[in-house]
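Q: I am new to this structure and would like a close look at a single part of it. Please choose one helix and its surroundings, go through them carefully, and then set them beside the other parts of the chain.

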Amino acid sequence: MKQLKDIAKKQKKDTYSLSFTAFVIGAMTVTQALLIVSIVMLIFLEEKPFSDVISQLAALLVVFIVRGIFSYIHGKIGIGMASKAKKQFRESLLTHYSHNPIQTSIKGQSGKRVTLVTDVVDEIDPYFSKYYPQRILSSIAALILLAAVFWQNWLSGLIMLVTAPLIPIFMIIIGKKTEKKALQQLDNLTALAGKFLDSLQGLITLKLFGKGREEAAAIKQSSVDYRTATMDVLKFAFLSSLVLELISMLGIALIALEVGLRLVVYQNISFFAAFFVLAIAPEFYKTLKDVGSAFHAGKGSIAAAKKIVEELAESDQTITWGNERLSQIAGPPSIGLNNLSFTYGEDHFSLQGIQATFEPYSQIAIVGASGSGKTSLLHLIAGMYAPSTGEVLINKQSLFTYDEGEWFDKLIYISQDPYIFSGTIKDNILIACPGKNISEEALNYAIEKAGLTELIDQLEDGANTVIGEGGRGLSGGEKQRIALARAFLKRPSIILFDEPTVGLDLYTESILQQSIQELAQNATIITVAHRLHTIKQADCILYLEKGTLIGKGTHEELMENTEDYLTMLKEQQGGMAG
Ligand SMILES: Nc1ncnc2c1ncn2[C@@H]1O[C@H](COP(=O)(O)OP(=O)(O)OP(=O)(O)O)[C@@H](O)[C@H]1O
């Protein structure tokens, strides 16, 4: 609630505009009642001709129009505030997610995140578009109406004063329950989104394992839970409307009784005052009732804001980069790993005290059994994770003292399964050099070097063929070659390469080896290596076991002095280690 209140308070101009429009609406409501009462009195009690009330009727029309226009403006301001607040929440979430992209993306939960950024942020809307403007309107207009009633008949004013607080008291009681239910509903919605996306992404695996029906049942259960939670929220909404309606009817009935008795039995009130009070009372209770309904919708927004704030508070390992320049340094820098340690969390896998130095233009291979921490080490060198202790040194200076953009300009990371974005082949290659003007020749050179020419020539739209989501699919080898084309276009001075473990086609294998050799002429290459060929030709091999660096040196050196290395190679390569 505080979060939303603060955002609303910051939009000062809008709050003042809302107060002004509320004042005009309140004043117009009183004027409208005065005009209606005087027209009725002139026509029915004083039996004046129609021509005598034309000016009042014209004034009434103007009041209707002014009230309508100001109500419209009031609503519009609320909608504007809602859109600003939603933009702010979306920006905070996107900044949060993009601050440390790797850390965020490895945790999965994409479905939950997409729902938070889209549907949950949309739930913020009613607070600003309904509740906040209505609260201002109701408090200002209700005061004006109350003052008008006190002016004509203090007793009716007193009844209003006593019955009116019942509405906010009831709102608070039911609001507490609603918020809990709304939170539950959002939990179920994010769970449903996560489950659905998960099943969609793993559809083929599920089908192959014959788990389609089971998964469909799980999704059904998830959607039933969401429906139940939604019905719970609606139950409270209906209950709330019913009680608000009852309170306002009770208030109006009491006033009607009091005015009727004084007019007919005691005859101590004028017809004008009685009629005026009866015209104002429904408007007074309506404005309070409206804030009650808007309050209910606003509670959903509070629950949504809580969910977003929780997400924003969840601490990712945020990395702060410095502003030392790297772009002036020609060629690859030296890379040092100084007592580097990292953990995914308490009781999780950790890398411990890695010590190594890589000279410029060297070829480094990281080897070890599956799960020994090779990819994690590569991520640490890339600056995607922050080490728990120790540091990565670039030209003897901590990596994080450098400018982030300049560091990522210098390196390329070729993962085992390069990500293909929805777009053309050309777009997918050009992402290697964002914002740069790349000539056709340079692009064609990269395509040729990556062995993509033949594939592109076969396609009707050539490099403009749409791939990725919504487009043509690509094989694992073709994806690898797209990643290589990115590298040729970028010409990085550091290449981090997670060698594919799955067997690639022979063509891609040979292209991969040739390309890496060519790229290596101008770069330092650090490879998570699985192929004996890569391992053998490395200048330095880091051999990892359960997150610890067990051996370091050339293939021959490790063969000689690290027994586990030999055993691992024999197991991996089927006895061809020598
Ligand atoms: N986000 C994570 N949270 C917790 N543990 C993780 C996370 N990512 C990886 N791990 C664990 O860290 C360990 C090292 O993983 P890593 O991917 O670095 O190994 P690897 O040597 O590259 O394995 P492979 O050769 O099979 O790819 C594994 O036990 C893995 O389960």
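**Helix 15 and its surroundings**

A: In this predicted model, Gly-451, which lies just after helix 15, takes a positive phi of about 70 degrees. Helix 15 itself covers residues 440-449, and within this helix Ala-446, Ile-447 and Lys-449 are buried. The buried residues of helix 15 pack against four other helices, namely helix 14 (425-430), helix 16 (453-458), helix 17 (476-490) and helix 18 (506-520).

To place this part in the whole, it helps to turn to the chain as such, whose secondary structure comes to 21 helices and 12 strands. Of the 578 residues in the protein chain, buried residues make up 36%. Among the contacts in the protein chain with a separation of 6 or more, 81% are accounted for by residues 24 or more positions apart.

Helix 6, which covers residues 125-152, offers another example of a helix with buried residues: 21 of its 28 residues are buried, so helix 6 is largely enclosed by the rest of the structure. From its first C-alpha to its last, helix 6 reaches 40 Å, close to the 40 Å expected at 1.5 Å a residue, although a kink of about 30 degrees lies at Tyr-131, shortly before the proline Pro-133.

In soluble globular proteins, nonpolar side chains tend to be buried together. Here the largest nonpolar core has 71 residues, and the members that touch the most others are Ala-141, Leu-145, Val-277, Ile-280 and Phe-284. Helix 11 (residues 271-313) supplies the largest share of this core, with 17 residues. A second, separate core has 67 residues, including Ile-354, Ile-366, Ile-412 and Ile-526. As for Val-277, and leaving aside its neighbours within four places in sequence, this residue is in contact with Val-149, Gln-152, Asn-153, Ser-156, Ile-255 and Val-259.

The model also holds a ligand, which 12 residues surround, the closest being Tyr-344, Phe-349, Ser-370, Thr-375 and Ser-376. The largest share of this shell, 3 residues, comes from helix 12 (residues 374-382), and by class the shell has 3 nonpolar, 8 polar and 1 charged residues.

To return to the part chosen at the start, helix 15 has Ala-446, Ile-447 and Lys-449 buried, its buried residues pack against helices 14, 16, 17 and 18, and Gly-451, with its positive phi, comes just after helix 15.

Terms used:
Residues numbered from 1 in each chain as written. Predicted model: local features only at pLDDT ≥ 70, side-chain atom pairs only at ≥ 80, totals over all residues. Near = placed C-beta within 6 Å. Helix = DSSP H or I, 4+ residues; strand = E, 2+ residues; numbered from the N terminus. Nonpolar A, V, L, I, M, F, W, Y, C, P; charged D, E, K, R; others polar. Expected span 1.5 Å × (residues − 1). Bend = angle between axes of the 7 residues up to and from the residue. Buried ≥ 20, exposed ≤ 12 C-beta atoms within 10 Å, placed from the backbone. Core = buried A, V, L, I, M, F, W, Y, C linked by C-beta atoms within 7 Å. Contact = placed C-beta atoms within 7 Å.
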